[in-house]
Amino acid sequence: MTGALPIITADQRMAEQRGIKGVIFGPSGIGKTTLLWTLWATTTLFFDLEAGDLAIEGLAIDVIRPRTWKECRDFAVFIGGPNPALRADQPYSQAHCDEVRGRFGDPAALDKYDTVFIDSITVAGRLCFQWCKGQPEAMSEKTGKPDVRGAYGLHGREMIAWLTHLQHTRGKNVWFVGILDQKLDDFNRKVFSPQIDGSKTGLELPGIVDQVITMIDVPDAQGQPQRGFVCQTLNPWGYPAKDRSGRLALLEPPHLGQLMEKIRGPLIPVERRLTFAPPQLPAPSAVGGADQSNSPIAD
């Protein structure tokens, strides 16, 4: 007996309930953790890696507090279930999932949550790198001494595997927050990058998640500072941003609950999401990169 070709029809795919996966970057102190106040506390699980919950003192919200990289992986497989493509000796496999569920209990305990808020990916990267430095791959086979290149290579693979597993948790929204660094390149231009140990995670993360948001302070018409979300890749400041939904404006209010409602809003017609007009050539003074001197983040 042969099985049917496992094609998911267009109607089935469009009827699926799929969570939003995103990352919010911003400078330290901009209020990323405070965004929890804009979510339904009863249906949000706070993945607290920073022990920075003073910003939400008084908010009745459930929390888990991983202290090691192993705990981060265990919670990820408990939340996302097993990956059937992996061997039994690999993390996120069926064997790993069964072992974790044997300790944590029935995963139905997570059914009440529709959003997981992970604060922060910066600290997760530090826990991961600390774990990687103690693995055999981080030791030189010739000298037996620590091999930094081996540790960073393992760190990149571990972080990408963790993020990808959480990305495939279809039924839940998963939001990561992280610190945004500002540096100068070789041409003295401002560039922005996530504050994560190693370069691999920061480079690949925007391609994994659905939404990349930068939380900034930008002056209003009177010159007073105000917080906002930068949501589009083509923005005048060069901030990391991406909107797979096509529903978000360049700047959105700093309210995560409202942002998710807008992402799930009415479908935008394709002719409004994509434009095919020929691009206009920039002025000669703009050749060589956008002027980022008007960046809202202060030097």
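Threonine 214 has valine 230 as its bridge partner in strand β8. I should state at once that this is a predicted model. The pairing belongs to β7, residues 211–219, and β8, residues 225–230, which are joined in the antiparallel sense by 6 bridges. Between these two strands the hairpin has 5 residues, and glycine 223 adopts a positive phi near 85° there.

Valine 230 also has a partner in β10, namely leucine 251. Strand β10 covers residues 251–252 and runs antiparallel to β8, with 2 bridges between them.

I turn now to helix α4, residues 121–132. Why does its length agree with expectation? At 1.5 Å a residue, its 12 residues should span 16 Å, and the C-alpha atoms at its ends are indeed 16 Å apart. The buried residues of α4 are Ile121, Thr122, Val123, Ala124, Gly125, Cys128, Phe129 and Cys132. Their cover includes the helices α2 (69–80), α5 (148–167) and α6 (200–208), together with the strands β4 (115–119) and β5 (173–184).

Two of those covering helices, α5 and α6, also meet each other. How are they arranged? Their axes come within 10 Å and cross at roughly 20°. An angle under 35 degrees counts as roughly parallel, and α5 and α6 are therefore roughly parallel to each other. The crossing of α5 past α6 is right-handed.

Finally, the residues at this contact. From α5, they are His155, Gly156, Arg157, Met159, Ile160, Leu163, Thr164 and Gln167. On the α6 side, they meet Lys200, Thr201, Glu204, Leu205 and Ile208.

Notes
Residues are numbered from 1 along each chain as its sequence is written. This is a predicted model: local features need pLDDT of at least 70, side-chain atom pairs count only at pLDDT 80 or more; totals for chains, interfaces and linings use all residues. Side-chain values use heavy atoms; hydrogens and water are left out. Two strands pair if DSSP finds at least two bridges between them. Helices (H or I, at least four residues) and strands (E, at least two) are DSSP runs, numbered from the N terminus. The expected span of a helix is 1.5 Å times one less than its number of residues. Buried means under 20% relative accessible area, exposed over 50%, partly exposed in between (1.4 Å probe, protein chains only). Contact means heavy atoms within 4.5 Å. Axes are lines fitted to C-alpha atoms, for helices over the stretch in contact, and angles run from 0 to 180 degrees between N-to-C directions. Angles under 35 degrees count as roughly parallel, over 145 as roughly antiparallel, 65 to 115 as roughly perpendicular and the rest as oblique. A crossing is left-handed if the near helix is turned anticlockwise from the far one by less than a right angle, and right-handed if clockwise.
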